Amino acid sequence: MKKALVFLSDFRFLNPAIEKKCKDYTKILIVQKNKFIETKEKSELFDAIYKVDEINDLKEMENLIDIINKKYEVVQIITSYEMTVDVAGYLRDRLSLSGLCYETSLNVRDKVKMKTVLSNAKIPVARFRESNSLQDTQAFLQEVDFPIILKRRAGAATEMTFKVKDDKELKDIYSKYDLPNYMVEEYISGKEYHIDTIIQDGQIIFASVGGYLSNCLDCVQGSGKVASIIYPPKNMSTPLMKQLCELNQKAIQALGVDNTICHAEYFVTSYGDIYFGEVAARIGGGSLISSTIESIYNIDLYEKFIDVHLGSKIEIPDASNHFAGFMCFDSMQGIITKISEPKDFSSIAGLYDIQIDKKIGDEIFNQFNTVIRCGHIVIEDKSFSSLEYKLYKAANEFFVCVK
């Protein structure tokens, strides 16, 4: 019986790595019926595609994986889609497979559980509590002052996350939305960093640090651009970089995460205090962060993601010593009548990658999470300030017209 890999959800950025790395396996895709668009490329890549009513229904997925495992020898469950990380852990437990188990996967999916574990491990986190109602949040406000943050316990991409400045705004939010399975936490004012790591056999074998040019929540609320600059090896020996990486290592160990790739976020206050934000056991930022990391470190994170799940020994190549950054191109509501083209940016010195994902006639939407965009650009430069200037210049030169 040929060994099989089961992939949960259709994640297009992973597909080239699947095609390259998984030739010796039967490749099976499980998708949710109402979220799957069939294409020739997907049909050719995967040997079998199973469609379920609800991919997060553990009982439905358990029944399906038992059927699949009778037909194939399933040796690994793989997902880079945030919403199915815990489902993959549950199915690995079902088949006694290596990788993140269900309990550990909840540590990186449920933000209340995540921060409880880290708080107990003496990792600095914002004060928090579970919240299922306005009354829960008001009880929390007996301990902390405004502003506060309301976010989904198992959310992603800063979607349906609120920074609440006063009681009037709080009541207005609860009058508009039903917010079960939420958490509330104190607001930490500071610069937001992300640390992207490869963990194999209990060790962090690769780590990169990037600084967002605007905090993610500010971007979703319309006061910033989704952009980041990643630091080269020569800058990783500064006191701040060392402190970030040391705290991240402690957090990863406390959460019990192993044999995967993690994307973690931290806040550094004006006083130099560092607070853990959150972590996900997947590649962060779709193709944005992976492409930017590849520019400096010569690593394809999606290929390494497959390698680490297959137990293949990962080699880390020599890195370059330039900065690299990405800038997302804004979206808005309407039907596109005119939009920039990649050739408009070809003269930028240090251009590494440019993607315009939309075309004339496409319907686009206002940004309500950090995923919505019309495209992105990745640029290299030896100077941080020069790179930052180029990224903002590209953002200002990008145009999209809608009707």
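Buried means under 20% relative accessible area, exposed over 50%, and partly exposed in between, with a 1.4 Å probe and protein chains only. I note this before any entry on burial.

**Entry 1: ground rules.** I am working on a predicted model, where local features need pLDDT of at least 70, side-chain atom pairs count only at pLDDT 80 or more, and totals for chains, interfaces and linings use all residues. Residues are numbered from 1 along each chain as its sequence is written, and side-chain values use heavy atoms, with hydrogens and water left out.

**Entry 2: helix α11.** I looked up residues 287-297, which form helix α11. Helices here are DSSP runs (H or I, at least four residues), as are strands (E, at least two), numbered from the N terminus. Which residues of α11 are buried? I found Ser 287, Leu 288, Ile 289, Ser 290, Ser 291, Thr 292, Ile 293, Ser 295, Ile 296 and Tyr 297. Because 10 of its 11 residues are buried, the helix is largely enclosed by the rest of the structure. Asn 298 follows α11 and has a positive phi, near 55°.

**Entry 3: Lys 40.** Is Lys 40 buried or exposed? Its relative accessibility is 60%, so I put it down as exposed. I place Lys 40 in helix α2, residues 40-45. From its C-alpha to that of Gly 350, 310 residues apart along the chain, I read 35 Å.

**Entry 4: cores.** I take a nonpolar core as a set of buried Ala, Val, Leu, Ile, Met, Phe, Trp, Tyr and Cys residues joined through side-chain atoms within 4.5 Å. The largest has 92 residues, and Leu 244 and Tyr 266 are among those with the most contacts inside it. Contact means heavy atoms within 4.5 Å. Leaving aside neighbours within four places in sequence, I list Tyr 193, Ile 195, Val 209, Tyr 266, Val 268 and Ile 274 as contacts of Leu 244. Another core lies apart from the largest, with 21 residues including Ala 48, Tyr 50, Ile 65 and Leu 97. In soluble globular proteins, nonpolar side chains tend to be buried together.

**Entry 5: the whole protein.** I count 13 helices and 19 strands. Of the 403 residues, 53% count as buried. The C-alpha trace spans about 60 × 55 × 50 Å along its principal axes. Among contacts between residues at least 6 apart in sequence, 64% join residues at least 24 apart. The radius of gyration, taken over C-alpha atoms, is compared with a globule rule of 2.2 Å times the number of residues to the power 0.38. I note 21 Å for the protein, which agrees with the value near 22 Å for a compact globule of 403 residues.
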